[in-house]
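Hi everyone, thanks for coming. I'd like to walk you through one structure today, so please have a look at it with me.

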Amino acid sequence: MIQPRYALDLAARCALRGRGRVEPNPMVGCVIARDGVVIGIGHHRRFGGLHAEREALADCARRGLDPRGGTAFVTLEPCNGHGKQPPCVEALIAAGIARVVYAAPDPSANKGGGAKALRDAGIEVERTGVSSLASGLSAPFAKRLTTGLPWMIAKWAQTIDGRIATRSGESKWISNDRSRARVHRLRGCVDAILSGLGTIIADDPLLTARCPFPRRTPIRVIADTDLAVPLRANVLTTARETPTIIACDKELASSAITSDRRSALAERGATVIGVPAAAGGRGVDLHALLSMLASDFGVSTVLTETGPGLLGALFDADLIDEAVVYVAPLMLGDELAKSVAVGRLAESLSAARRYELWRVKALGSDVELTYRRAHSTAPGGDA
Ligand SMILES: NC(=O)c1ccc[n+]([C@@H]2O[C@H](COP(=O)([O-])OP(=O)(O)OC[C@H]3O[C@@H](n4cnc5c(N)ncnc54)[C@H](OP(=O)(O)O)[C@@H]3O)[C@@H](O)[C@H]2O)c1
């Protein structure tokens, strides 16, 4: 007997191979087991391509193994509607699958109802939250469908004592080569990278995916209220090769006062967008900015690599869905060294914002910790 947790973890790890290729579709993995043995495995490989269930069934066929009477373990409820591919429910029924175990419900209005359709066809169906990896895998997809906002990942490198730069702002390099290589791969899987003006001035980063075969070319987005980004900044001198958006105050984006500045930015290839001012505070309204990135630029995933000013505001607005933290074996022990986020989110432990530990990976002397906002990975249960 294959344990659901083992099978769903396996399906989820397989699905993660599609990261950066399938979005805005969800990453989905499927494992087919019969008589206590895995006989087929598959994942959604690219946007518009075969769904995981059909990939897994094809895998059984390639091995000459019959899935009839077997169990399909799927990270997402099998779809029940026509999109770029026919419904997976039909394929599972036709293949004679006897039981389907899935980790997360399908939130799409036109394709949901897969569990019911399978039950109606006499298949035993169970939803389970035993694999947190599988349950959270399609959260970015669900978020986009239900809120229209992109999935927001915050990445930072910190010392053991939680500092992201020295008191003078030095942060190159806290993490090791392996961690930085992982970050480049992560950049190559997202649609946009968001940074604040403070980081552009302090570090002058390129914010490009410098890794073999990046899957996407992320748009660089700089939160710069007053269009003050230095014209010699790396993000501007390379804006012809890598798309770059400067998100400034809405008034300034069309004001005569900034017209020379906007022309200089346009000459370098950057796009200026005007964003409403943040309510009651300094800077641009970050919720509005993310909404614009989704609706006007087709952005479904954003990675933010920024300093405590912007990160604090993003946490304050509860816009961070996932935090990827690189912890390096360094100790600053300086109360004036920069902390991860400025602000005062919670003054008691009971009021602290909750995140769940989603993945842990050792990278030589560093550790990569991935956290998900607690509500983003709603625990499953029998549905
Ligand atoms: N270790 C790491 O992983 C890491 C990563 C990145 C940065 N860092 C370090 O972080 C430091 C820079 O941090 P920082 O706090 O000065 O800069 P930041 O967070 O990168 O940028 C802050 C700036 O963003 C602009 N902004 C626009 N809208 C905003 C909003 N709604 N809320 C907040 N800010 C908004 C503001 O400038 P305007 O008001 O002018 O628009 C603000 O000053 C550097 O020392 C850098 O090395 C470390």
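I'll talk about a sheet, then a helix, then the ligand.

Before anything else, keep in mind that this is a predicted model.

Okay, the sheet. Nine strands make it up, and it is an open sheet with mixed pairing. If you want to trace it on your screen, the order is S11-S10-S9-S8-S12-S6-S13-S16-S15. Now, why do S11 and S15 each have one side without a neighbour in the sheet? Strand S11, residues 271-275, and strand S15, residues 355-363, stand at the edges, and each has a single partner strand, so one side of each is left free of a neighbour there. Across this sheet, neighbouring strands are turned by 25 degrees against each other on average, if you ignore direction.

A quick reminder for those new to this: strands in a sheet pair through backbone hydrogen bonds, and that pairing can be parallel or antiparallel. Take S15 and strand S16, which covers residues 366-373: these two run antiparallel, with eight bridges joining them. You can pick out leucine 363 there, standing opposite aspartate 366 in S16.

Next, helix H2, residues 52-62. How many of its eleven residues are buried? Eight, so we can call this helix mostly covered. The buried ones are Ala52, Glu53, Arg54, Glu55, Ala56, Leu57, Asp59 and Cys60. And what covers them? The cover includes strand S1 (29-34), strand S2 (37-43), strand S3 (71-76) and helix H3 (88-95). Go just past the end of H2 and you'll find glycine 64, with a positive phi of about 70 degrees.

Last stop, the ligand. There are 28 residues around it, and the closest are Thr199, Thr225, Arg282, Thr306 and Gly309. Let's look at some polar contacts. The side chain of threonine 225 has an N or O atom 2.4 Å from an oxygen atom of the ligand. At glycine 309, a polar backbone atom is 2.7 Å from a ligand oxygen. Leucine 310 also uses its backbone: an N or O atom there lies 2.8 Å from an oxygen of the ligand. On its own the ligand would expose 930 Å², and the protein buries 85% of that.

Which elements give two or more residues to the shell around the ligand? They are strand S6 (151-158), strand S7 (163-165), helix H8 (197-203) and helix H12 (308-316). H8 gives the largest share, five residues. And remember S6 from earlier: that strand is also part of the nine-stranded sheet.

That's my tour, thanks!

Methods:
Residues numbered from 1 in each chain as written. Predicted model: local features only at pLDDT ≥ 70, side-chain atom pairs only at ≥ 80, totals over all residues. Heavy atoms only, no water. Pairing = 2+ DSSP bridges. Helix = DSSP H or I, 4+ residues; strand = E, 2+ residues; numbered from the N terminus. Axes fitted to C-alpha atoms, helices over the stretch in contact; angles between N-to-C directions. Buried < 20%, exposed > 50% of the residue type's maximum accessible area, 1.4 Å probe, protein only. Contact = heavy atoms within 4.5 Å. Near = heavy atom within 4 Å. Polar contact = N/O pair within 3.5 Å; in protein donor to acceptor, adjacent residues only side chain to side chain. Areas by Shrake-Rupley, 256 points an atom, 1.4 Å probe, with all protein chains shown as cover.
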